[in-house]
Amino acid sequence: MQWIASRYGRRARPVIGLLVLAVLLLTPLAALAAKVTYLEIPAQVKRKGSTEWKVLNLGDDVGQGDTIRTGTGGRVEVALGPKRVFRIGQATEVELPSFE
C-alpha cells in the first residue's frame with residue numbers, strides 16, 4: 001500500500017484507513033480466538049479433533065469445536081469479544097459452538 005501513498009500522496013491516507021477498517025469489521029468472530037478470562041479449577045479442554053483432555057489455563061485460546069469440562073467447584077469464563085462472555089458452571093461439559 002506504500003505505492004498508493006507515494007503515488008497519490010495525502011489523498012490516499014483516508015482511503016487506506018477505510019480499507020483497513022473494512023477488513024477489521026468484515027472479519028467474522030469465528031475467525032477470532034476466544035480467550036479464557038476466568039478460571040476456577042478443576043477445568044479441562046479437549047481440542048477439536050483430539051481425544052486427549054488437557055488442563056485448561058487462564059489466558060488459553062479456545063475455538064469452535066473445542067470441548068471444555070469442569071469438575072465440582074470448577075468454573076470457566078470465555079470472552080468472545082469485549083462485551084460477549086460465555087460462562088460454564090461446575091460439573092459441566094460443553095462443546096463450543098460457532099462464535100458468529
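Two strands count as paired if DSSP finds at least two bridges between them. Keep that rule in mind as we walk through this predicted model, because β1 and β6 clear the bar with 5 bridges, running antiparallel to each other.

Let's step back and take in the whole chain. It has 100 residues, and they include 2 helices and 8 strands. Follow the sequence from its start and you meet both kinds of element in the order α-α-β-β-β-β-β-β-β-β. So how much of the chain is buried? The share of residues that count as buried is 25%. The chain exposes about 7,100 Å², and carbon and sulfur atoms supply 57% of that area. Contacts also reach along the sequence: take those between residues at least 6 apart, and 44% of them join residues at least 24 apart.

Now for the sheet. Which strands make it up, and in what order? Four strands form an open sheet, arranged β4-β1-β6-β7, with antiparallel pairing. Look at the two ends of that row: β4 (61-62) and β7 (84-88) are the edge strands, and each has a single partner strand, so one side of each is left without a neighbour in the sheet.

Strand β1 covers residues 34-40, and you can trace its partners residue by residue. With β4, the strand pairs antiparallel over 2 bridges. Ala34 has Val62 of β4 as its bridge partner, while Lys35 is matched with Asp61 in that strand. Turning to β6, you'll find Arg75 standing opposite Glu40. If you look at the side chains as you go, here's a handy rule: in a regular strand they alternate between the two faces of the sheet.

Next, look for the greasy part. Nonpolar side chains in soluble globular proteins tend to be buried together. In this model, the largest nonpolar core has 13 residues, and Leu56, Val62, Ile68, Val76 and Val78 have the most contacts inside it. Strands β1, β2 (43-46) and β6 (75-81) each supply at least two residues of this core. Which element gives the largest share? That is β6, with 3 residues.

Val78 makes a nice last stop. Leaving out residues up to four places away in sequence, what does Val78 touch? Its contacts include Ala34, Lys35, Val36 and Thr37, along with Val62 and Ile68, and also Arg84, Val85 and Phe86. Two of the names there, Val62 and Ile68, are also among the core residues with the most contacts.

Definitions and conventions
Residues are numbered from 1 along each chain as its sequence is written. This is a predicted model: local features need pLDDT of at least 70, side-chain atom pairs count only at pLDDT 80 or more; totals for chains, interfaces and linings use all residues. Side-chain values use heavy atoms; hydrogens and water are left out. Buried means under 20% relative accessible area, exposed over 50%, partly exposed in between (1.4 Å probe, protein chains only). Contact means heavy atoms within 4.5 Å. Accessible areas come from the Shrake-Rupley method with a 1.4 Å probe; for residues, only the protein chains shown count as cover. A nonpolar core is a set of buried Ala, Val, Leu, Ile, Met, Phe, Trp, Tyr and Cys residues joined through side-chain atoms within 4.5 Å.
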